[in-house]
Amino acid sequence: MEHDPNRRMLITALAGLTLANVSLASAATGKANVQGNSRILVAYFSRSGNTRVIAGVIHRSLKTDLFEIEPAAPYPEDYFKTVEQAKNERARGIKPALKNSVPDIGRYETVYLGFPVWGTSVPPAVQTFLSGHNLAEKLLIPFITHGGYGKGDSDDILASLAKDAHREKPLVIECDQERRTTETVTSWLETIRS
């Protein structure tokens, strides 16, 4: 099947409809962006939108509550600047502050946790989320996106930061469009500059 950028845009837009309502509601109230009153929570961190799409599908399919993990200071728009910042945070052991937290994590029995792999590891913002929320005795079900290098040390990080949670085998899916597109455009620009 050929890659159809319009199809991806449509899927992202549809997944974003529910998520946009959550963001607008939290901005208006100043409270954490949790929607609903389910016993299941989908918490996710997404930079390019791939993980957000998966979170939206899980949220709608299972009628869960939804929480977007957002750093208090957003990462740069530029992909390579974000990569560099995340690399520096990881090297220095920095766990950035989050914009919000889940107000009552105790009421959830199951937490679906979505994130992209950054530099073969769990993004610092997700590590902050895990460090700041007690997931003991909860079922933790990760869904992990990556750009071609697999899940990296995600299992080890989850085991250390959510050691008392019961973990289910994660969904691990390659979603490398941003990296591949950036490399393709960069290569193309190099050929026309020569």
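1. A good place to start is Arg167, which is partly exposed at 36% relative accessibility (buried means under 20% relative accessible area, exposed over 50%, and partly exposed in between, with a 1.4 Å probe and protein chains only). Please keep in mind that this is a predicted model, in which local features need pLDDT of at least 70 and side-chain atom pairs count only at pLDDT 80 or more, while totals for chains, interfaces and linings use all residues. Residues are numbered from 1 along each chain as its sequence is written, and side-chain values use heavy atoms, with hydrogens and water left out.

2. What does Arg167 pair with? Arg167 forms a salt bridge with Asp155, with the closest N and O atoms 3.9 Å apart (a salt bridge is a side-chain nitrogen of Lys or Arg within 4 Å of a carboxyl oxygen of Asp or Glu). Arg167 sits in strand β5 (residues 166-167) and Asp155 in helix α5, so the bridge ties together parts that are 12 residues apart in sequence. Helices (H or I, at least four residues) and strands (E, at least two) are DSSP runs, numbered from the N terminus. Asp155 is partly exposed too, at 27% relative accessibility. Lys151, Asp155 and Arg167 are joined into one network by salt bridges that share partners.

3. The count of salt bridges comes to 6. One of them brings together the side chains of Arg39 and Glu109, at 3.4 Å from N to O. This pair links distant parts of the chain, 70 residues apart: Arg39 is in the loop between α1 (5-29) and β1, and Glu109 in the loop between α3 (79-92) and β3. Arg39 is partly exposed at 44%, and Glu109 is partly exposed at 47%.

4. Another salt bridge joins Lys99 and Glu70, with the closest N and O atoms 3.9 Å apart. Here the partners are 29 residues apart, with Lys99 in the loop between α3 and β3 and Glu70 in the loop between β2 (65-68) and α3. Lys99 is exposed, at 52% relative accessible area.

5. Now to the inside. The largest nonpolar core has 28 residues, and Ile69, Leu113 and Phe129 have the most contacts inside it (such a core is a set of buried Ala, Val, Leu, Ile, Met, Phe, Trp, Tyr and Cys residues joined through side-chain atoms within 4.5 Å). At least two residues of this core come from each of β1 (40-44), β3 (110-116), α4 (124-132), β4 (139-146) and α5 (154-161). Helix α4 gives the largest share, 4 residues.

6. Which residues does Leu113 touch? Beyond its neighbours within four places in sequence, the contacts of Leu113 include Ala43, Ile69, Phe129, Pro142 and Leu158 (contact means heavy atoms within 4.5 Å). Apart from the largest core lies another core, of 9 residues, with Val42, Ala55, Ile58 and Leu66 among them.

7. Do look at how α4 and α5 pack. Their axes come within 9 Å and cross at roughly 25 degrees (axes are lines fitted to C-alpha atoms, for helices over the stretch in contact, and angles run from 0 to 180 degrees between N-to-C directions). That makes α4 roughly parallel to α5, the term for angles under 35 degrees. Gln127, Leu130 and Ser131 in α4 meet Ile157, Leu158 and Leu161 in α5.

8. Finally, Asn50 is found in helix α2 (residues 50-62) and is buried, at 10% relative accessible area. Asn50 and Glu174 are 124 residues apart in sequence and 9.5 Å apart in space, C-alpha to C-alpha.

Definitions and conventions:
Angles under 35 degrees count as roughly parallel, over 145 as roughly antiparallel, 65 to 115 as roughly perpendicular and the rest as oblique.
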